[in-house]
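Biologist: Could you take a close look at one part of this model for me and place it in its surroundings? I'd like one connected account, please.

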Amino acid sequence: MVYYFTSTISDPPSTIYLGKDKFENEELIKYGWEEDFHADNLSSAHIYLRLAPGQSWKDIPAALVEDCAQLTKANSIEGNKRDNVTVIYTPWSNLKKDGSMAVGQVSFHDPKMTTRILLPTRINATINRLTKTRTEIPPPASSEHLLAERDAHLAELRKVTNAELQKRKKEEARLAKERREEKARKERDWEELYGEEAVNGEGRANNQEGFDEDDFM
C-alpha cells in the first residue's frame, strides 16, 4: 500500500508519499525520481516529497520539511512515542541500496549530503491536516502506478531536454549564419576599400616626386 498526502503548507501544494511497510519501501526506493526528497532515521516508513520542477532539496521551505518530518515521526512505532526525535533527509539519488541490506533498509552514498531536523514533539494538528488529504493505492496497482509515474516523468524530462537541444541548435545556426553574413560583408567592404587604396597608391607612385609628365617631353 502506498499512501499519498497533499501538503498545502507552501505554494504550490506538494505531494508527500510513503509505503505502508518495509516491502512497500522497497518499491519506493526502486521507482524514486531523481528530484525526490527522502526522510528517514528511525525504524519507520520512508517519506518522500515530490519536488516541483527545478526545485532543489536544499531550498525546500522549512514548513514543508516539518510536514515530512512529522509524518516520519508519526509512522515510527518508536519515534511516535518519543520527544526530541531527529529526522535525517537526503535526495533520492543519494540513497544506497545493495544486496547485503535488509528489506526496506538503505544507507547513503555520501553521508555529507544529508540534513537533519530536530522535532521536539509530535504536532497533532499537522498530522491531522495531512491525514485528511490521504489517498491510497494497494498493491500490485501501487507498483504499477509508481512505475507509470516514473516513466511518464522521464518521458517528460526527455521531451524538455530535446526541446532545449533543438532550441540551442536553432540559436547556434542563427549565430553561425550571422557570423557568415558579417564575414561576407567585411570581405566586400575590404575589397572596396582595398581597390580604392590601390588606385590612390598607384597615383601617388606616379607622382611621388612631384614632376609634371610634360617635363620629360
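Modeller: Happy to, and let's start with Glu78, which has a relative accessible area of 43%. That value lies between the 20% limit for buried and the 50% limit for exposed, so Glu78 counts as partly exposed. Please keep in mind that this is a predicted model. Glu78 sits in the loop between α2 and β5. Its C-alpha is separated by 7.3 Å from that of Ser43, although the two residues are 35 apart along the chain. The loop between α2 and β5 also holds Asn84, which has a positive phi of about 55° without being a glycine.

From this loop we can step back into α2 itself. The helix has 13 residues and reaches 18 Å from its first C-alpha to its last, close to the 18 Å expected at 1.5 Å a residue. Its buried residues are Leu64, Val65, Asp67, Cys68, Ala69, Gln70, Leu71, Thr72 and Lys73. An α-helix has 3.6 residues a turn, so residues three or four places apart point the same way.

What does α2 pack against? One partner is α3: the two axes come within 10 Å and cross at roughly 95°. That angle falls in the range from 65 to 115 degrees, so α2 is roughly perpendicular to α3. On the α2 side the contact is made by Asp67, Gln70, Leu71 and Ala74, and on the α3 side by Thr126, Ile127, Arg129 and Leu130. By character, the residues of this contact divide into 4 nonpolar, 2 polar and 2 charged.

The helix also feeds into the largest nonpolar core, which has 23 residues. Those with the most contacts inside this core are Phe5, Ile16, Ile47, Leu49, Ile60, Leu71 and Ile117. Two or more residues each come from β1 (2-7), β2 (14-19), β4 (47-50), α2 (62-74), β5 (85-91), β8 (115-119) and α3 (124-131). The largest share, 5 residues, is supplied by α2.

Ile16 shows how the helix meets its neighbours. Leaving aside residues up to four places away in sequence, Ile16 touches Leu64, Asp67, Cys68 and Leu71, along with Tyr3, Tyr4, Phe5, Ser7, Ile47, Tyr48 and Leu49. Apart from the largest core lies another, of 11 residues, with Tyr4, Tyr17, Leu28 and Leu95 among them. Tyr17 belongs to strand β2. With a relative accessible area of 1%, under the 20% limit, Tyr17 is buried. Tyr17 and Thr6 lie 11 residues apart in sequence, with 8.6 Å between their C-alpha atoms. One more feature deserves a glance here: Asp11 and Pro12 are joined by a cis peptide bond, with omega at about 5°. Pro12 is in the loop between β1 and β2.

Finally, the wider setting. The chain contains 4 helices and 9 strands, and their order along the sequence is β-β-α-β-β-α-β-β-β-β-α-β-α. Of its 217 residues, 32% count as buried. Among contacts with a separation of 6 or more, 66% link residues 24 or more positions apart, and the contacts of Ile16 with Leu64, Asp67, Cys68 and Leu71 give you a place to start looking.

Methods: Residues numbered from 1 in each chain as written. Predicted model: local features only at pLDDT ≥ 70, side-chain atom pairs only at ≥ 80, totals over all residues. Heavy atoms only, no water. Core = buried A, V, L, I, M, F, W, Y, C linked by side-chain atoms within 4.5 Å. Buried < 20%, exposed > 50% of the residue type's maximum accessible area, 1.4 Å probe, protein only. Contact = heavy atoms within 4.5 Å. Expected span 1.5 Å × (residues − 1). Axes fitted to C-alpha atoms, helices over the stretch in contact; angles between N-to-C directions. Parallel < 35°, antiparallel > 145°, perpendicular 65-115°, else oblique. Nonpolar A, V, L, I, M, F, W, Y, C, P; charged D, E, K, R; others polar.
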